[in-house]
Amino acid sequence: MISIKSINKTYKIGDKSLQVLNNVSLEIQRGELVSIVGKSGSGKSTLLNMIGMLDNYDSGEYWFDGNLINQVSETDAAHYRNKYIGFVFQTFHLIGTKTAVENVALPLMYKGIGKKERIEMSEKMLERVGLGDRIHHLPNELSGGQKQRVAIARALVTNADLILADEPTGALDSKTSKEIMDLLIEINNEGKTVLIVTHENDVANKCRRKIEIADGVIINNE
């Protein structure tokens, strides 16, 4: 599903350059549950953003489902993201003025699905993640774990093939973290490819494969 070959990425900071990915190569097969671990500044989130087509790379090759992704336009990148990829972020990225069901429905609106159908689809997905009784609540009326479940429902509602989760348990207590991780494992067991960036060993150890990155270099790929 994902093939990355000798990828390099450098950011310009004033008159200096910071190489955040250094000759990175990896393969991720469809249906895998993979963690990417590393210290802050190691390059793990940059790698995830590149896989999610939120950021470009300088050199190398990135193949997604047999398609070479290289300097794609924002329109094309948005098409890929909306059709194939669901995102889950540490800070949830929910719109505070919209209810849970309205937040989940947003990707469906971008796909041109009518309001009635997208609300019905979003309600079913919220029920799927255990929030059937919270569909009309605003984000400030939800706990951290409930907000993350809304974010996961939003990532799943378009039937995306790939779920990218950036520190999905980083803002949660240990009990809620376990519940969210159990939900991501359940989603993976249903056939979705799930890629999780984390600094938490207990989260990484629940994944079926662990990729470790340090200073932009992959140092372990179990």
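## Exercises: helices and sheet of a predicted model

The buried residues of H2 pack against strand S4 (59-64), strand S5 (67-68), S6, H3 and S7. Buried means under 20% relative accessible area, exposed over 50%, partly exposed in between (1.4 Å probe, protein chains only). Contact means heavy atoms within 4.5 Å. Helices (H or I, at least four residues) and strands (E, at least two) are DSSP runs, numbered from the N terminus.

This is a predicted model: local features need pLDDT of at least 70, side-chain atom pairs count only at pLDDT 80 or more, and totals for chains, interfaces and linings use all residues. Residues are numbered from 1 along each chain as its sequence is written, and side-chain values use heavy atoms, with hydrogens and water left out.

**Exercise 1. Place H2.** Which residues of H2 are buried, and which strands of the sheet does H2 touch?

*Solution.*
- Step 1: Ala77, Tyr80, Arg81, Asn82 and Tyr84 are buried in H2.

Next comes the sheet.
- Step 2: The open sheet has 6 strands, in the order S6-S7-S8-S3-S9-S10, with mixed pairing. Two strands pair if DSSP finds at least two bridges between them.
- Step 3: Strand S6 (85-89) and strand S10 (217-221) are the edge strands, each pairing on one side only.
- Step 4: Neighbouring strands are turned by 20 degrees against each other on average, direction ignored. Axes are lines fitted to C-alpha atoms, for helices over the stretch in contact, and angles run from 0 to 180 degrees between N-to-C directions.
- Step 5: Helix H2 (residues 74-84) packs on this sheet and touches S6 and strand S7 (162-166). The direction of H2 makes about 85 degrees with that of S6.

**Exercise 2. Describe the packing of H3 and H5.** At what angle do they pack, and which residues meet?

*Solution.*
- Step 1: Helix H3 (residues 100-110) and helix H5 (residues 144-156) pack at about 30 degrees, with axes 7 Å apart.
- Step 2: H3 and H5 are therefore roughly parallel. Angles under 35 degrees count as roughly parallel, over 145 as roughly antiparallel, 65 to 115 as roughly perpendicular and the rest as oblique.
- Step 3: Ala100, Asn103, Val104 and Pro107 in H3 meet Val150, Ala153 and Arg154 in H5.

**Exercise 3. Judge the cover of H1.** How many residues of H1 are buried?

*Solution.*
- Step 1: In helix H1 (residues 44-51), 6 of 8 residues are buried, so the helix is mostly covered.
- Step 2: The buried residues are Lys44, Thr46, Leu47, Leu48, Met50 and Ile51.
- Step 3: Met53, just after H1, takes a positive phi of about 60 degrees.
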